[in-house]
Amino acid sequence: MTGDVTRVSTRSARSTSEEEGASTSEEEGRSTSEREGASTSEEEGRSTSEEEGSFWWGAATAAYQIEGAVTADGRGPSIWDTFSAEPGRVADGSSGANACDSYTRWPEDVELLSGLGANAYRFSIAWPRVQPLGHGRVNPGGLAYYDRLVDGLLERGIAPFATLFHWDLPQPLEDAGGWLVRDTAERFAEYAAVVADALGDRVACWGTLNEPFVHMALGYAFGTHAPGRVLLLDAFAAGHHQLLGHGLAVQALRSAGDVPVMLVNNLTPVRATSASPEDAAAAQVYDAFHNRMFLDTVLLGSYPDVLAEAEGAVARDGDLDTIAQPLDLLGVNYYNPTLVTAPGADNPLPFEIVPIEDHPTTGFGWPVVPEGLTELLVGLRDTYGDALPPVVITENGCSYPDEPGPDGTIDDAARIAYLDAHIDAVGAARDAGVDVRGYLAWSLLDNFEWAEGYTQRFGLTHVDFATGDRTPKASYAWFRDRIARDW
Ligand code: FCB
């Protein structure tokens with residue numbers, strides 16, 4: 001499921017169909033330097049980014065994809081260390097053991113953000129650095145890294161947007177059942193309280209989970225991501241417990257301070273291959289799993305009706321009240337729409353994802369459909385109305401295999417076209433009245449792209465993984481100018 005569903009279709013198709021016979025397809029004023037500018041909360045009289053006339057511009061990364069240094073300063077193992085060590089799990093046999101070595105080279109990365117004119121940076125905190133066992137003992141050496149990073153960002157006038165969980169669960173929690181067990185939700189809230197205590201005086205915005213749908217689908221339903229479980233529809237429990245962990249973490253973060261909080265979802269407009277009742281029903285159920293399971297619950301306090309049976313098997317009384325904590329912002333990661341058809345006779349799932357053929361594709365094979373982002377944002381507003389908090393685009397971007405030319409420059413014209421069209425698509429949604437407060441490109445750097453290893457380059461900045469050298473691509477200079485234009 002890629003982002004995205006494509007990732008769902010391409011990634012899961014590869015392993016599920018081959019391994020399990022379960023196919024899903026055939027185949028700012030930029031101010032922000034300090035907390036006042038960096039806040040979107042109105043509590044304490046702090047103004048929102050929109051009221052200041054400012055918009056969050058920046059880029060996003062995730063801990064396991066860039067940090068490397070997986071044993072430094074007391075970090076414990078995560079499910080991604082375990083998973084990537086298993087033969088055949090990662091396309092090029094690699095892991096995040098070194099990645100971009102941002103653990104050491106973070107000052108260069110802050111410099112790159114500063115050179116872009118970014119006023120926000122979305123990064124994630126590695127739970128196994130903070131609590132190597134996933135509960136209890138706190139590791140000051142791990143927290144100190146984020147302390148340095150946050151201060152470095154603030155010195156450059158860049159608002160720290162910190163995600164608490166971007167898929168790198170501490171291995172001991174996986175050994176105890178991972179997100180399939182309720183206890184992990186409680187542990188997540190405990191961890192959130194630890195991080196809030198350490199960094200809540202300086203972080204501008206908390207993100208609880210990154211893309212709980214993708215983690216549920218790829219990690220637990222299809223097994224193409226860590227922890228590599230192939231439970232198909234029984235993966236629902238991993239989604240529900242992530243949602244519960246989100247709600248409990250929001251409570252913990254709020255008790256620790258008044259920093260704005262968001263959930264970061266991967267969302268996709270779902271299209272049916274035809275108007276037949278069978279295809280329409282398949283699209284509806286896919287939409288429920290991918291989008292509405294992680295929106296209706298959080299924004300409306302209920303599961304979509306088509307998920308009632310799954311809900312009944314896992315949810316307990318009171319869970320939805322916990323899950324539906326008010327949010328300051330909704331983080332939206334957008335890569336592409338999803339085309340769905342009725343399942344074939346041998347498909348154990350109630351839907352089947354099919355490739356979108358009538359659009360160009362990225363290096364990853366993902367269709368480039370910028371208007372899908374406008375459709376998604378306007379659809380969110382139309383569906384959820386006043387229940388929808390202001391939105392930040394927390395990820396959007398594309399992979400292309402661009403390498404330095406003879407003169408050392410990297411002319412990634414296709415990425416420029418992609419970003420330009422998608423930012424314009426956000427602008428169209430804003431013109432239509434959707435309250436969008438920021439756009440954070442994925443990604444600042446080429447990095448470890450999960451099951452694709454280092455074969456997919458999403459960065460505005462090229463990384464030579466042998467030396468760690470960073471070289472801004474043409475898209476970096478283009479994005480800097482676009483940020484300076486500020487719409
Ligand atoms: C998103 C993930 C992110 C990255 C991009 C390409 O689904 O959140 O870590 O892999 O896709």
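The following exchange asks how several descriptions of this predicted model are reached.

User: What makes the relation between α10 and α11 roughly antiparallel?

Analyst: Helix α10 (residues 212-221) and helix α11 (residues 236-256) pack at an angle of about 150 degrees, with their axes 9 Å apart. Angles over 145 degrees count as roughly antiparallel, and α10 and α11 are therefore given that description. In addition, α10 passes α11 in a right-handed crossing. On the α10 side the contact is made by Pro 212, His 215, Met 216 and Tyr 220, and on the α11 side by Phe 236, Ala 238, Gly 239 and Gln 242.

User: Why are both an angle and a distance quoted for such a pair?

Analyst: Two packed helices are described by the angle between their axes together with the distance between those axes.

User: How do you know whether α10 is mostly covered or mostly open?

Analyst: A residue is buried when its relative accessible area is under 20%, and 10 of the 10 residues of α10 are buried, so that the helix is mostly covered. Among these buried residues are Phe 213, Val 214, Leu 218 and Ala 221, and Pro 212, His 215, Met 216 and Tyr 220, also buried, are the residues of α10 that take part in the contact with α11. Just after α10, Gly 223 takes a positive phi of about 75 degrees.

User: Why is Ala 417 called partly exposed?

Analyst: The relative accessible area of Ala 417 is 48%; a residue is buried under 20% and exposed over 50%, so a value in between makes Ala 417 partly exposed. Ala 417 is found in helix α17 (residues 413-431), and its C-alpha atom is 9.0 Å from that of Ser 475, although the two are 58 residues apart in sequence.

User: How do you know that β8 pairs with β6 and with β9, and in which sense does each pair run?

Analyst: Two strands pair if at least two bridges are found between them. Three bridges join strand β6 (residues 270-272) to β8, and these two strands run parallel; between β8 and strand β9 (residues 352-354) there are also three bridges, in the antiparallel sense. Within these pairings, Arg 271 has Leu 339 of β8 as its bridge partner, while Thr 341 stands opposite Glu 352 in β9.

User: Which way do the residues of β8 point, and are they buried or exposed?

Analyst: From strand β8 (residues 338-341), Thr 338 and Val 340 point one way and Leu 339 and Thr 341 the other way, and all are buried. For the protein chain, 63% of the 487 residues count as buried.

How values were computed: Residues numbered from 1 in each chain as written. Predicted model: local features only at pLDDT ≥ 70, side-chain atom pairs only at ≥ 80, totals over all residues. Heavy atoms only, no water. Buried < 20%, exposed > 50% of the residue type's maximum accessible area, 1.4 Å probe, protein only. Helix = DSSP H or I, 4+ residues; strand = E, 2+ residues; numbered from the N terminus. Axes fitted to C-alpha atoms, helices over the stretch in contact; angles between N-to-C directions. Parallel < 35°, antiparallel > 145°, perpendicular 65-115°, else oblique. Left-handed = near helix turned anticlockwise from the far one by under 90°. Contact = heavy atoms within 4.5 Å.
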